[in-house]
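Open the model in your viewer and keep the selection panel at hand. The tour goes from the whole chain to single side chains, then to the confidence values.

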Amino acid sequence: MLLKSCRCGKLIPQSVKMCEECEQRQQSRHMIYNNTRRDKRAAEFYVSKEWRAMRERIIEVYDNVDIYALYVENELLTCEPVHHIVELEDDWEQRLNPFNLIPLNHKTHNTITALYKQSKASMRATQKQLRSLIEYHFRETGGYKKVLCDSFLVAPPLLFGENSPREFQQKGTSERGVRM
């Protein structure tokens, strides 16, 4: 049986995400956050069937690898959260857009969150960097169309808004803006 380390350092089977104690702590922490800090619509979204399915699909597309850690920090880390590059409160319509989702490790997610909180300029620069990492990763693995079609994912229609990833999506589309 293959083993891996849990966050707390205990050895656990490869097929298990975390030990029972860490799982209990995490569920409690998320319930408190959802009930006290997150808006109701976002809290409902994060427990929805559509989000859970999309989250799992994104993790599969990236082979359970934290892309930021891999390409920026030269570390091979497994991912846990899937991060919205443009956050839900900034553009609700991008919540299930695969070009707006990137798998991260908790450590990396904390780094990204800190960069977002520094300033608007830092947030935009970080978002641009995350999109370029996605673009690089897809190029390296055979292109958007191949990767997304192999994973039964199709990007939603191009959405317009100041902070939408439409420019990023259009790089690989035809002149008509065909979805990939």
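The stops below each give a selection and what is there.

**Stop 1: the whole chain.** This is a predicted model. Colour by secondary structure. The chain has eight helices and four strands. Starting at the N terminus, the order reads β-β-α-α-α-α-β-β-α-α-α-α. Of the 180 residues, 41% are buried. Now turn on the surface. Its accessible area is about 11000 Å², and carbon and sulfur atoms account for 51% of that. For a contact map, take pairs at least 6 apart in sequence: 60% of these contacts link residues at least 24 apart.

**Stop 2: the main core.** Select Tyr62, Ile102 and Leu130. They have the most contacts inside the largest nonpolar core, which counts 27 residues. Which elements give two or more residues to this core? Show α2 (40–46), α3 (49–61) and α4 (67–71), then β4 (101–103), α5 (106–118) and α6 (120–140). In soluble globular proteins, nonpolar side chains tend to be buried together.

**Stop 3: Leu130.** Stay in the core and centre on Leu130. Skip its neighbours within four places in sequence. What is Leu130 in contact with then? Show Tyr68, His83, Ile85, Ile102, Ile112 and Tyr116 as sticks. Ile102 thus appears twice on this tour: it is a contact of Leu130 and, with Leu130, one of the residues with the most contacts inside the core.

**Stop 4: the other core.** Another core, of five residues, lies apart from the largest one. Select Cys6, Ile12, Cys19 and Cys22, which are among its members.

**Stop 5: the cysteines.** Is Cys19 buried or exposed? Cys19 counts as buried because its relative accessibility is 7%, under the 20% cut-off. Move to Cys79. The same cut-off applies: Cys79 is buried because its relative accessible area is 6%, again under 20%. Now look for disulfides. How many does the structure hold? Zero. Go back to Cys19 and draw a distance to the sulfur of Cys22, the nearest cysteine sulfur. The distance is 3.5 Å, and Cys19 is in no disulfide. A disulfide requires sulfur atoms within 2.5 Å, so this pair does not qualify.

**Stop 6: confidence.** Recolour by pLDDT. The chain mean is 78, with 72% of residues at 70 or more. Select residues 155–164. Here pLDDT stays under 50, and the model has 31 contacts beyond four places in sequence for this stretch. Finish with residues 168–180. Their pLDDT is below 50 as well, with 28 contacts in the model beyond near neighbours in sequence.

Conventions. Residues numbered from 1 in each chain as written. Predicted model: local features only at pLDDT ≥ 70, side-chain atom pairs only at ≥ 80, totals over all residues. Heavy atoms only, no water. Core = buried A, V, L, I, M, F, W, Y, C linked by side-chain atoms within 4.5 Å. Buried < 20%, exposed > 50% of the residue type's maximum accessible area, 1.4 Å probe, protein only. Contact = heavy atoms within 4.5 Å. Areas by Shrake-Rupley, 256 points an atom, 1.4 Å probe, with all protein chains shown as cover. pLDDT = per-residue confidence, 0-100.
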